[in-house]
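Let's take a walk through this protein together, one stop at a time. Have the sequence and the 3D view ready.

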Amino acid sequence: MLSSRIMNRACRLLHDPHLQFCRTFSFQANYRNAVAALNSVGNQKHGSGSRLFCSHPISRFPVPDKKDLPQDMQERMNEVEEKSGFLPNVFKALAHRPDEFRAFFAYYDALMMKETGSLTKADKEMIVTATSAENDCLYCVVAHGALMRIYSKNRITADQVAINWKTAELDERQKAILRFALDACHSRTITESHFADLEQHGLDREDAWDIGAIAALFALSNRMAHLTDMRPNEEFYLMGRIPREKKKE
């Protein structure tokens, strides 16, 4: 069962006082049931058909139908949807321009999915969350904050990083990573002292490249999200906060 403590935390995150109804609710801990319950408040407050999540179009640009896309893009989307249980809206929004879609996700894979280097998946998502917050990117903070919760197995720290990483409950290594990432994010001059700071925490120049490249790639992503007015999928809001419903065999 879904504890009132977890639901109250989700309510506070959404900054909507009328969601405090969650204190008296108890239901199966899975994404769709939880989101449905939260959306029901929107129906009560704003009328039938209202939603608390994703009531906004995915993008202000045309979003193509998946079946009309090139085969390689359909396969990529199907693979992601099968693994995640839903298709993140970034795939739908960037599909407006297939060549740029391919280029973006090729670089994403090269940086975020690589097996070499000292950065963990949680480290990478932490970089994305912190730099995206600095760039006021709703989509990337929500989506990659969710991934940070999952990879770090910590339900709290991603929210802290999104608000103010300097006061978040991070270790010194993580803080060194974010100092470097935020300077790259702001296009500040990178000096030898930046590399020395990382080296004190076991991070070499190849790791520094990864940190800077992730900040740079998601500076592009953040700006494309602003341009398109991209909105996060409702599933992201509760990912890593409550147990995921297991697939039936």
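We'll look at some aromatic rings, then a helix, and then two smaller spots. Keep in mind that this is a predicted model.

Start with the aromatic rings. The structure holds nine aromatic pairs. One of them joins Phe86 and Phe236, whose rings meet edge-to-face, with 5.1 Å from centre to centre and 85° between the planes. Where do these two residues sit? Phe86 is in the loop between helix H3 (71-84) and helix H4 (89-94), while Phe236 belongs to helix H12 (residues 235-238), so this pair ties together parts that lie 150 residues apart in sequence. Both partners are tucked away from the surface: Phe86 counts as buried because its relative accessibility is 9%, under the 20% cut-off, and Phe236 is buried too, at 5%.

Phe236 also pairs with Tyr139. That pair is again edge-to-face, this time with 6.2 Å between the centres and 80° between the planes. Tyr139 comes from helix H7 (residues 138-152) and Phe236 from helix H12, so here the parts being tied together are 97 residues apart in sequence. Tyr139 has a relative accessibility of 3%, so it counts as buried.

Now move over to a cluster of rings. Ring pairs link Phe91, Phe101, Phe104, Phe105, Tyr108 and Phe218 there.

That brings us to helix H5 (residues 98-112). It has 15 residues and reaches 21 Å from its first C-alpha to its last, close to the 21 Å expected at 1.5 Å a residue. Which of its residues are buried? They are Phe101, Phe104, Phe105, Tyr108, Leu111 and Met112. If you look down the axis of H5, these buried residues fall within an arc of 125°, so they line one face of the helix. And what covers them? The cover includes H3, H4, H6, H7 and helix H11 (205-228).

H6 is worth a visit of its own. Helix H6 (residues 121-134) contains Thr131, which is buried at 1% relative accessibility. A polar atom of the Thr131 side chain lies 3.4 Å from the backbone oxygen of Val128. Leaving aside residues up to four places away in sequence, Thr131 touches Ala181, Leu182, Cys185, Ala215 and Asn222.

One last stop takes us back to a ring, with a charge for company. The charged end of Arg205 sits over the ring of Phe195, 4.2 Å from the ring's centre.

Notes
Residues are numbered from 1 along each chain as its sequence is written. This is a predicted model: local features need pLDDT of at least 70, side-chain atom pairs count only at pLDDT 80 or more; totals for chains, interfaces and linings use all residues. Side-chain values use heavy atoms; hydrogens and water are left out. Rings of Phe, Tyr and Trp (its six-membered ring) pair if their centres lie within 6.5 Å; planes under 30 degrees apart count as stacked, over 60 as edge-to-face and the rest as tilted. Helices (H or I, at least four residues) and strands (E, at least two) are DSSP runs, numbered from the N terminus. Buried means under 20% relative accessible area, exposed over 50%, partly exposed in between (1.4 Å probe, protein chains only). A charge sits over a ring if NZ of Lys or CZ of Arg is within 6 Å of the ring centre and within 35 degrees of the ring normal. A polar contact is a pair of N or O atoms within 3.5 Å; within protein, one must be able to donate a hydrogen and the other to accept it, and residues adjacent in sequence count only if both atoms are side-chain atoms. Contact means heavy atoms within 4.5 Å. The expected span of a helix is 1.5 Å times one less than its number of residues. The arc is that of the directions from the helix axis to the C-beta atoms.
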